[in-house]
Amino acid sequence: MSLIDAIRAKAKADVKRIALPEGDEPRTIKAAEILRAEGLAEPVLITPESIAADPQRLESYAAKLYELRKAKGLTEEAAARLAADPMYYGMLMVKMGDADGLVSGAVHSTGDMLRPALQVIKTAPGMKLVSSSFLVECANRSFGENGLLVYADCVVNPCPNAEELANIAVATSETAGKLCGITEPRVAMLSFSTKGSASHELVDKVREATEIARGLAPDLLIDGEMQLDAALVPEVAALKAKGSPVAGRANILIFPDLQSGNIGYKITQRLGGADCFAVLQGLASPCNDLSRGCSVEDIVNTVAATSAQA
Ligand SMILES: CC(C)(COP(=O)(O)OP(=O)(O)OC[C@H]1O[C@@H](n2cnc3c(N)ncnc32)[C@H](O)[C@@H]1OP(=O)(O)O)[C@@H](O)C(=O)NCCC(=O)NCCS
């Protein structure tokens with residue numbers, strides 16, 4: 001079974017309500033029909049008309065938003081205005097327990113969706129950081145877990161420090177287990193250096209993050225710093241990182257910053273022909289972002305993944 005089929009099966013087994021703030025966008029409307037017909041989720045299409053149809057609910061959402069953000073200087077008037085925006089309305093719907101998760105991004109940019117998610121839904125208990133996992137399925141099954149790898153962070157944190165990078169590594173290993181069924185996450189902390197072959201402050205950050213992650217998750221198989229080839233290719237690992245429990249057999253790749261992560265997944269996708277699929281991790285309830293070039297099928301799959309996370 002492919003990863004997406006496994007995710008769809010998980011979504012079907014326990015149908016969740018997923019808010020779709022881009023409720024009058026044609027691909028989203030079509031996706032909602034398919035989701036309902038296939039029993040993958042209960043989509044909630046949010047439009048300016050659906051918001052106006054229930055003024056009491058809007059009022060209670062505006063009051064919630066004001067309560068959440070007044071310490072940050074949000075006024076009651078601004079809260080009322082923002083709550084009527086479909087994106088904030090959707091986030092508030094999830095916050096109030098009227099939906100289990102949210103998907104958007106067919107129209108909005110990543111930042112337009114992430115900022116309200118961070119402000120309203122916030123991080124899950126015990127999590128300091130929201131980040132993302134890219135689920136990557138390669139045709140060459142000798143890599144990762146039978147061709148499946150998880151990359152992070154390719155979406156959210158432009159310039160993580162060592163502690164944040166360690167958090168990303170641990171959160172990604174948890175997502176790999178929960179969503180992808182990877183029972184033995186093997187985490188490579190990537191750099192342009194392998195085990196001291198180069199010295200630079202950027203390399204020091206990756207080394208420090210590896211140590212912090214070991215402290216956070218003592219049972220996790222994690223090693224670094226290492227180059228991509230040392231992480232994936234046993235012959236290179238034997239030369240550059242002898243004795244490493246991860247090198248040559250990594251199934252999770254942690255990139256040192258957003259530039260390398262975002263470029264890395266796009267190279268895998270475009271030159272390597274891999275199927276790539278992103279989910280956010282660390283939020284109190286699942287919210288996921290689409291690419292603005294997404295197809296109807298991409299929306300269906302992302303909603304299914306959001307249901308599976310919920
Ligand atoms: C995530 C992102 C939207 C945050 O935007 P920002 O301008 O830094 O927003 P702010 O600093 O105002 O943060 C908003 C809130 O979220 C919190 N926050 C920001 N990043 C966070 C993170 N990764 N995890 C948890 N909370 C975070 C802030 O602490 C702040 O909380 P507060 O308002 O309650 O104090 C921004 O980092 C971003 O645009 N990232 C890149 C996204 C992108 O374009 N990706 C492209 C690849 S597809």
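What distance separates the centres of domain 1 and domain 2, taken over C-alpha atoms? In this predicted model, the answer is 30 Å. The two domains in question are domain 1, built from residues 3-122 + 284-309, and domain 2, which covers 131-276. Where they meet, domain 1 puts in eight residues and domain 2 likewise puts in eight residues. On the domain 1 side of that contact, at least two residues apiece come from α1 (3-13), α7 (110-121) and α13 (296-309). Helix α1 gives the largest share of that side, with three residues.

The nonpolar interior tells a related story. The largest nonpolar core holds 95 residues, and the members touching the most others are Ala-169, Ala-188 and Ile-254. Helix α8 (residues 162-180) is the biggest contributor to this core, with nine residues. Both domain 1 and domain 2 hand residues to the core, so it sits between them. As a general backdrop, nonpolar side chains in soluble globular proteins tend to be buried together.

Ile-254 is worth a closer look. Leaving aside residues up to four places away in sequence, Ile-254 touches Ala-152, Leu-165, Ile-168, Ala-169 and Thr-172, and also Val-187, Ala-188, Met-189 and Leu-190. That list takes in Ala-169 and Ala-188, which join Ile-254 as the members of the core with the most contacts to other members.

Over in domain 1, helix α4 offers two packing arrangements to compare. With helix α5 (residues 76-83), helix α4 (residues 55-69) forms a pair whose axes come within 8 Å and cross at roughly 125°. An angle of roughly 125° falls outside the 65 to 115 degrees that count as roughly perpendicular and is not over 145, so α4 and α5 are oblique to each other. The crossing in which α4 passes α5 is right-handed. From α4, the contact draws on Leu-58, Tyr-61, Ala-62, Leu-65, Tyr-66 and Arg-69, while α5 answers with Glu-76, Ala-79, Ala-80, Leu-82 and Ala-83.

The pairing of α4 with helix α6 (residues 86-95) has axes that come within 10 Å and cross at roughly 85°. That crossing lies in the 65 to 115 range, and α4 and α6 are therefore roughly perpendicular to each other. Here α4 uses Tyr-61, Lys-64 and Leu-65, and α6 uses Tyr-88, Tyr-89, Leu-92 and Lys-95. Tyr-61 and Leu-65 of α4 thus turn up in the contact with α5 and again in the contact with α6.

How values were computed
Residues numbered from 1 in each chain as written. Predicted model: local features only at pLDDT ≥ 70, side-chain atom pairs only at ≥ 80, totals over all residues. Core = buried A, V, L, I, M, F, W, Y, C linked by C-beta atoms within 7 Å. Buried ≥ 20, exposed ≤ 12 C-beta atoms within 10 Å, placed from the backbone. Helix = DSSP H or I, 4+ residues; strand = E, 2+ residues; numbered from the N terminus. Domains from an automatic or database assignment. Contact = placed C-beta atoms within 7 Å. Axes fitted to C-alpha atoms, helices over the stretch in contact; angles between N-to-C directions. Parallel < 35°, antiparallel > 145°, perpendicular 65-115°, else oblique. Left-handed = near helix turned anticlockwise from the far one by under 90°.
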